[in-house]
Amino acid sequence: MNSDFDESQISGHTTLRPKNGTANMHTRKIAEKTVKAIGLGVMALDEYKPRAEEKDAIELLKHAVKLGIDFLDTADVYGLGRNEELIGKALSDKEKEKILI
């Protein structure tokens, strides 16, 4: 778990609270991983026009993970696998192990 957050149980859900105490984040268990309830849908990186430039998409993905996003919602039918290629270029193997794609 990210050390910037403290965990607590609220209404039967694990909640992440930033150590600065400003907000809560519920979590969900999906495919044997516990992830934050809010993730990043990456379909828009390729499915809509104008298509995201590769460098911009990679920067967005890196920034999202740096901010604590641990769930990237994608499918290989979006851009015929381009989103997965962008994720592969943006994130290290260690980062990919910590998130759900």
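Contact here means heavy atoms within 4.5 Å, and that is the sense in which residues are said to pack or meet in these close-ups of a predicted model.

**View A. The buried side of helix H2 packs against H1, S6 and helix H3.** Start with the residues that H2 tucks away: Arg 82, Asn 83, Leu 86, Ile 87 and Ala 90 are buried. They span an arc of only 140° around the axis, so they sit on the same side of H2. An α-helix has 3.6 residues a turn, so residues three or four places apart point the same way. What do these buried residues of H2 pack against? Their partners are H1, S6 and helix H3, the last of these covering residues 93-98.

**View B. Helices H1 and H2 cross at roughly 65°.** Two packed helices are described by the angle between their axes and the distance between the axes. Here the axes of H1 and H2 come within 9 Å, and the crossing is right-handed. On the H1 side, the residues to pick out are Glu 54, Ala 57, Ile 58, Leu 61 and Lys 62. They meet Arg 82, Leu 86, Ile 87, Lys 89 and Ala 90 in H2. Among these H2 residues, Arg 82, Leu 86, Ile 87 and Ala 90 are buried.

**View C. Lys 89 and Glu 54 make a salt bridge between the two helices.** Side chains of opposite charge can pair when their charged atoms come close. For Lys 89 and Glu 54, the closest N and O atoms are 3.2 Å apart. Lys 89 belongs to helix H2 and Glu 54 to helix H1, so the pair ties together parts that are 35 residues apart in sequence. How exposed is Glu 54? Its relative accessibility is 36%, and since the partly exposed range runs between the 20% and 50% cut-offs, Glu 54 counts as partly exposed.

**View D. Arg 82 pairs with Asp 46 in a buried salt bridge.** The closest N and O atoms of this pair are 3.1 Å apart. The bridge links distant parts of the chain: Arg 82 is in helix H2 (residues 82-90), while Asp 46 is in the loop between strand S5 (40-41) and helix H1 (54-66), 36 residues apart. Are Arg 82 and Asp 46 buried or exposed? Both are buried. Look for Arg 51 too, as Asp 46, Arg 51 and Arg 82 are linked in a network of salt bridges. Seven salt bridges are found in the structure.

**View E. The loop between S3 and S4 holds two residues with positive phi, Ala 31 and Glu 32.** Ala 31 has a phi near 50° and sits between strand S3 (25-30) and strand S4 (33-36). For Glu 32, phi is near 65°. Neither of these positive values belongs to a glycine. Ala 31 is exposed, with a relative accessible area of 60%; Glu 32 has 69% relative accessibility and is exposed as well. Glu 32 also forms a salt bridge with Lys 29, with their closest N and O atoms 4.0 Å apart. Both Lys 29 and Glu 32 are exposed.

**View F. Confidence runs from its lowest in strand S1 to its highest in strand S6.** The protein averages a pLDDT of 82, and 76% of the residues score at least 70. Strand S1 (residues 5-10) has a mean of 63, and strand S6 (residues 72-73) reaches 93. Where pLDDT is low, the predicted coordinates should not be read in detail.

Methods
Residues numbered from 1 in each chain as written. Predicted model: local features only at pLDDT ≥ 70, side-chain atom pairs only at ≥ 80, totals over all residues. Heavy atoms only, no water. Salt bridge = Lys/Arg side-chain N within 4 Å of Asp/Glu carboxyl O. Buried < 20%, exposed > 50% of the residue type's maximum accessible area, 1.4 Å probe, protein only. Helix = DSSP H or I, 4+ residues; strand = E, 2+ residues; numbered from the N terminus. pLDDT = per-residue confidence, 0-100. Arc of directions from axis to C-beta. Axes fitted to C-alpha atoms, helices over the stretch in contact; angles between N-to-C directions. Left-handed = near helix turned anticlockwise from the far one by under 90°.
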